[in-house]
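Q: Please take a close look at the side-chain contacts in this model. Which residues pair up, and where do they lie?

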Amino acid sequence: MDLYGELILDHSKHPQHVGLREPFGAEVHHINPTCGDEVTLRVQVTDGVVTDVSYDAQGCSISIASTSVLAEETIGHPVDEALETFLAMRGMLTSKGEDAGDPEKIGDGVAFAGVSRYPARVKCALLGWTAFTDALARSGEDISVVSSTAASRT
Amino acid sequence: MTAFTEDELARIRADFPVLSRTVRDGRPLVYLDSGATAQKPWCVLEAEQEYYSTRNAAVHRGAHQLAEEATEAFEGARATVARFIGAGPDEVVFTKNGTEAINLVAYAMSNAGAPGAIDGADPAVAERLQLGPGDEIVVTEMEHHANLVPWQELARRTGATLRWIGVTDDGRLEDPATVVGERTKVLAFTQVSNVLGTLNDVAPLVAAARAVGALTLVDACQSVPHLPVDVTALGVDFLAFTGHKVIGPSGIGVLWGRPELLAAMPPFITGGSMIELVHMERSTYAPPPQRFEAGVPMAAQAVGLQSAIDYLTELGMDRVHQHDTQLSAYCLEQLAERPWVRVIGPTDPAHRVGAVSFTVEGIHPHDVGQVLDDRGIAVRTGHHCAWPLHRRLGLPATTRASFSVYTTRADIDAFVTALDTVPGVFGLSA
Ligand SMILES: Cc1ncc(COP(=O)(O)O)c(C=O)c1O
């Protein structure tokens, strides 16, 4: 089926930047209580740049692959850029198939465009990303740009 | 011999309108999620419509003709439910669902110790309901959250200790004797596991509880839809089930309790319709079942549930059970031919009811469910509200196919055919 494109399968079988590493500014544990998927995720921010995202995840191919793409798209990027990426990713995932995603902004994230047609799976694809913004906030970063638009979108 | 002939099954299926719809770009719906909620036959929908269009009024309030007829309809439904489980009508309490029925007992137990909980309650009976530090509440490791969390909360509120009977690797209960003892005040267990499909042997559980004077509550949410259930034969003190899994409406559940226990139980939710006398300072309460039915009740749902039960009674619960056993056996047989599928729970269909849960090697259950859904097959994936059980089995989640009266072998054929495509989607070989 078309939901499981090659990119998603690749990322789920070979998750990038997987594992929990030091140093880290904050660690969070997020779960999806309806299905039991879990992710432990750490972020390290140095001088406004996301220098590491490390994680240990248990879940379906969508949630694992999406967390892998998250790490790939945010490590080495300034925090504000990473938050823009999050917004673009969330926008696409919650668009019910309207937004095909911009590869300039979300890279391999476009592979998840199909997920937006399956409301029950959107949470799977967002699990790692939501954990990431939470970890940023806990390490003292300002994430108001995503929380101010969050209420109406998710 | 099959429980229902081909013709009968075709007629049964024609009674359930939703079964004729298509899903996911025109594929026929193959509904294998009846364990989560069952579909409804026309007669149930019509019974609700008939109630609203001809007899709607506030039950037990008002003396006009409509109110009389509405009350009669509601109480008639109660009588049907009672007969269905071998009980007396005054022993049957309508609740919102099975979850609320279990909470009703747990809250009555935590309130039973309060001064003046129920005036005139038999002290010997009231004493059995009370618990505190040193007392034990026993559940099992295969419970749905609905029959676990209310007991955790009761333990927290009263200072009692929660203990549980373990589950074996093949999905059976361990010996209750190692856990049920002198301190046990209540033993709550499911008759049928919503995940494993295990049909628990109730007799030894009841015997263990009786030997120490503990109360028993059986969660019958997954048994009442599939097999004949009789409260006297079971010998339990309380039984709970939920309407929507018995091909009835949502918004209604049932608690049955022994009359002497119900009589000594304080109310759970209070307000109108459950009182005897109300003064500004305090009130006295109606006898059961009204004591436990505060507010205007769900009369239309009660009438719908009555119709569902009439439908099942007409089919014959023995045949419904036989049909279910045959489906379980066929499904197990089909899955056994696929070495990459691991079924959890008992291997003998005689020890099973209603559902078959499994995992596919190397593929997460959500992904399995997604591929099936794309082919029109509705199954449940996840922990099915039994997270501790999954932890016990070392599984994050499972995929579950579950059955009802309208399920056919053809449904199972469609399911396994679709299942065969799953490994390929993920680059594995079947
Ligand atoms: C075994 C079991 N117990 C209790 C329940 C609770 O039923 P309800 O959610 O309708 O209250 C369910 C189903 O959800 C169940 O399968």
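A: What follows goes through the side-chain contacts, then the ligand site, then a few backbone details. The model is a predicted one.

Salt bridges come first. Over all chains, the whole structure contains 17 salt bridges. In one of them, Asp411(B) and Arg13(B) meet through their side chains, with N to O at 3.3 Å. Asp411(B) belongs to helix α14 (residues 409-419) of chain B and Arg13(B) to helix α1 (residues 6-14) of chain B, so this pair ties together parts that are 398 residues apart in sequence. The two partners can be described by their accessibility: Asp411(B) counts as buried, at 6% relative accessibility, and Arg13(B) counts as partly exposed, at 21%.

A further salt bridge is formed by the side chains of Lys185(B) and Glu127(B), at 3.6 Å from N to O. This pair links distant parts of the chain, with Lys185(B) in strand β7 (residues 184-190) of chain B and Glu127(B) in helix α5 (residues 123-129) of chain B, 58 residues apart. Lys185(B) is buried at 14% relative accessibility, whereas Glu127(B) is partly exposed at 45%.

Arg258(B) and Asp237(B) also form a salt bridge, and their closest N and O atoms are 2.7 Å apart. Here both partners are in loops: Arg258(B) is in the loop between β10 (253-257) and α9 (259-264) of chain B, and Asp237(B) is in the loop between α8 (231-234) and β9 (238-242) of chain B, 21 residues apart. Arg258(B) is partly exposed, with a relative accessible area of 22%, while Asp237(B) is buried, with a relative accessible area of 8%. Elsewhere, Glu75(B), Arg78(B) and Glu293(B) are joined into one network by salt bridges that share partners.

Aromatic contacts are next. There are 7 aromatic pairs in the structure over all chains. Among them is the tilted pair of Phe74(B) and Phe94(B), with 5.2 Å centre to centre and 50° between the planes. Phe74(B) lies in helix α3 (residues 65-84) of chain B and Phe94(B) in strand β4 (residues 92-95) of chain B, so the contact ties together parts that are 20 residues apart in sequence. Both Phe74(B) and Phe94(B) are buried.

Phe358(B) and Phe415(B) make another tilted pair, with 5.8 Å centre to centre and 55° between the planes. The pair links distant parts of the chain: Phe358(B) is in strand β14 (residues 355-360) of chain B and Phe415(B) in helix α14 of chain B, 57 residues apart. Phe358(B) and Phe415(B) are both buried. Helix α14 of chain B thus holds Phe415(B) of this pair as well as Asp411(B) of the salt bridge to Arg13(B). In addition, Phe16(B), Tyr311(B) and Tyr406(B) form one aromatic cluster.

Two arginines lie over tyrosine rings. The charged end of Arg157(B) sits over the ring of Tyr107(B), at 3.9 Å from the ring centre. Arg409(B) lies over the face of Tyr330(B), and its distance from the ring centre is 3.9 Å.

The ligand is surrounded by 13 residues, and the closest include Thr99(B), Asp219(B) and Thr242(B). His244(B) and Lys245(B) are also among the closest. Three side chains place an N or O atom at a short listed distance from a ligand oxygen: for Gln222(B) the distance is 2.7 Å, for His244(B) 2.6 Å, and for Lys245(B) 2.9 Å. The protein covers 89% of the 390 Å² of accessible area that the ligand has on its own.

The backbone details concern both chains. In chain A, Glu22(A) and Pro23(A) are joined by a cis peptide bond, with omega at about -5°. Pro23(A) is in the loop between α1 (6-13) and β1 (26-32) of chain A. In chain B, the peptide bond from Pro288(B) to Pro289(B) is cis, with omega near 0°, and Pro289(B) is in the loop between β12 (283-285) and α10 (299-315) of chain B.

Positive phi values occur at Lys96(A), about 55°, and at His384(B), near 50°; neither Lys96(A) nor His384(B) is a glycine. Lys96(A) is in the loop between α3 (79-93) and α4 (103-106) of chain A and is exposed, with a relative accessible area of 67%. His384(B) is in the loop between β16 (380-382) and α13 (387-393) of chain B and counts as buried, at 0% relative accessibility.

Key: Residues numbered from 1 in each chain as written. Chains lettered and ligands numbered in written order. Predicted model: local features only at pLDDT ≥ 70, side-chain atom pairs only at ≥ 80, totals over all residues. Heavy atoms only, no water. Salt bridge = Lys/Arg side-chain N within 4 Å of Asp/Glu carboxyl O. Helix = DSSP H or I, 4+ residues; strand = E, 2+ residues; numbered from the N terminus. Buried < 20%, exposed > 50% of the residue type's maximum accessible area, 1.4 Å probe, protein only. Phe/Tyr/Trp six-rings, centres within 6.5 Å; stacked < 30°, edge-to-face > 60°. Lys NZ or Arg CZ within 6 Å of the ring centre and 35° of its normal. Near = heavy atom within 4 Å. Polar contact = N/O pair within 3.5 Å; in protein donor to acceptor, adjacent residues only side chain to side chain. Areas by Shrake-Rupley, 256 points an atom, 1.4 Å probe, with all protein chains shown as cover.
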